[in-house]
Amino acid sequence: MRIRRAATLACTFEGDKPVLHNFLTREMFTIDASMLDVLALLDDWTSMDDALARLPGSPQTAAATLRELLARELVLVESSPAAERDARYRDTWRWGTVAGFYHFGLRDSPFLDGEATVDRLRSFGGPATSPPLLKSNREFAEVAPLPAFDAKDDFFKVLHQRRSLRKFTGKAISQAALADCLFAGNGYKETLDAGEYGNLPLTMTPSGGARNPFELYVYVRNVGGLRPGFHHYSAAEHSLGFLHDRELPEPETLLGNQPWTNKAAAIVFLCANFPRPAWKYRQALAYRVVLMEAGCITQNIQLAATYRGIAAAPTGALAESAIENVLELEEITQAALFAVVLGDPRENSA
């Protein structure tokens, strides 16, 4: 039997105590500093006997230390489910520990309701008032006023009207309105011949290196002419592929226990395919660019919704594992990163 250290470990400190994070399992442990030396010795597959021989201390101490590391899955047994998952991470995650710690460590976060959020804010004991949310130019000696935008211009009218609306009637929205939202967010326009980088799809939003990491999935709840269930939007064909209707969970179970989502007509999930950008860009900065692209797609979806007269609101409160399970995404290489909730607007909603 062979063992090795998990690849998804990061160390921080609480006071004088090392804290070891396994960000793939989202578990953390306060450990003795001597365990770091033990873990450093197990970088590659090693037989159990060789590992025990190399570990410091008496045989009994070494065996006890190793048992503890194995129990916490900080050290993995070859061919075990944990080791196979770890291997998938090693083989497919291209952006290193910093991006991995951030991405996997924040998944499936617990969410508070409105009142609990206020209570938590009060418990922080910080300043009583918020810092300024806009910065003025009054402090500058020289200020150049800019020409005013034309609020009657069709383009600026849509931009000005856009806001996040979270109150829905529960009635259906049209298939045409949903189609416009999907095309605005990630619709395919044309192909660019980029030489050795291949033929690159140009979509409605900017993408780093035109690597197009996002696929849109739709949870159809009440859309005219569409079967309720989960669908995939093909940008290349501008079509919806029916995925399944095996389970139709209440939206709030997928979206941070937010009851306002339950009357949505449709939910658009922005799901990243990391190998697309990672094929070209191996630096961790590429992961940050992927997150930026989600914002571009979301804004376009909201603008299209505003133009078509339907309500839309983005949310980052995701139950990632549940969403990815229902959408049948691949672990490690694909991830739900953002969502836009669409619905028929309740009058005077805010």
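Why does L159 count as partly exposed? In this predicted model, the reason is that L159 has a relative accessibility of 31%, and the partly exposed class runs from 20% to 50%. L159 sits in helix α7, which covers residues 154–161. Together with F149, F155 and F156, L159 makes up a nonpolar patch of about 380 Å² on the surface.

Stepping back to the whole chain, the protein comes out with 12 helices and 14 strands. Its C-alpha trace spans about 80 × 50 × 45 Å along the principal axes. Of the 350 residues, 39% are buried. Among contacts with a separation of 6 or more, 69% are between residues 24 or more positions apart. The exposed surface adds up to about 19,500 Å², with carbon and sulfur atoms supplying 53% of that area.

On the charge side, there are 36 positive and 42 negative side chains, and the centres of these two sets lie 4 Å apart. Salt bridges number 14 in the structure. One of them pairs E139 with K135, with 3.0 Å between the closest N and O atoms; both of these residues are exposed.

Another salt bridge brings D180 and R308 together at 2.4 Å, N to O. This pair links distant parts of the chain, 128 residues apart: D180 belongs to helix α8 (residues 175–186), while R308 is in the loop between α11 (285–307) and β13 (311–315). D180 has a relative accessible area of 28% and so is partly exposed. R308, at 45% relative accessibility, also falls in the partly exposed class.

E215 and R276 form a further salt bridge, their closest N and O atoms being 2.8 Å apart. Since E215 lies in strand β9 (residues 214–220) and R276 in helix α10 (residues 275–280), the pair ties together parts that are 61 residues apart in sequence. As for burial, E215 counts as buried because its relative accessibility is 16%, and the cut-off for buried is under 20%. Its partner R276 is partly exposed, with a relative accessible area of 27%.

Salt bridges also join up into a network, in which R85, R88 and E331 are linked.

Conventions:
Residues are numbered from 1 along each chain as its sequence is written. This is a predicted model: local features need pLDDT of at least 70, side-chain atom pairs count only at pLDDT 80 or more; totals for chains, interfaces and linings use all residues. Side-chain values use heavy atoms; hydrogens and water are left out. Helices (H or I, at least four residues) and strands (E, at least two) are DSSP runs, numbered from the N terminus. Buried means under 20% relative accessible area, exposed over 50%, partly exposed in between (1.4 Å probe, protein chains only). Contact means heavy atoms within 4.5 Å. Accessible areas come from the Shrake-Rupley method with a 1.4 Å probe; for residues, only the protein chains shown count as cover. Lys and Arg count as positive and Asp and Glu as negative; His and the chain ends are not counted. The place of a charge is taken as NZ of Lys, CZ of Arg, CG of Asp or CD of Glu. Patches are made of residues with over 30% relative accessible area and no salt bridge: like charges are joined within 9 Å, nonpolar side chains (Val, Leu, Ile, Met, Phe, Trp, Tyr) within 5 Å. A salt bridge is a side-chain nitrogen of Lys or Arg within 4 Å of a carboxyl oxygen of Asp or Glu.
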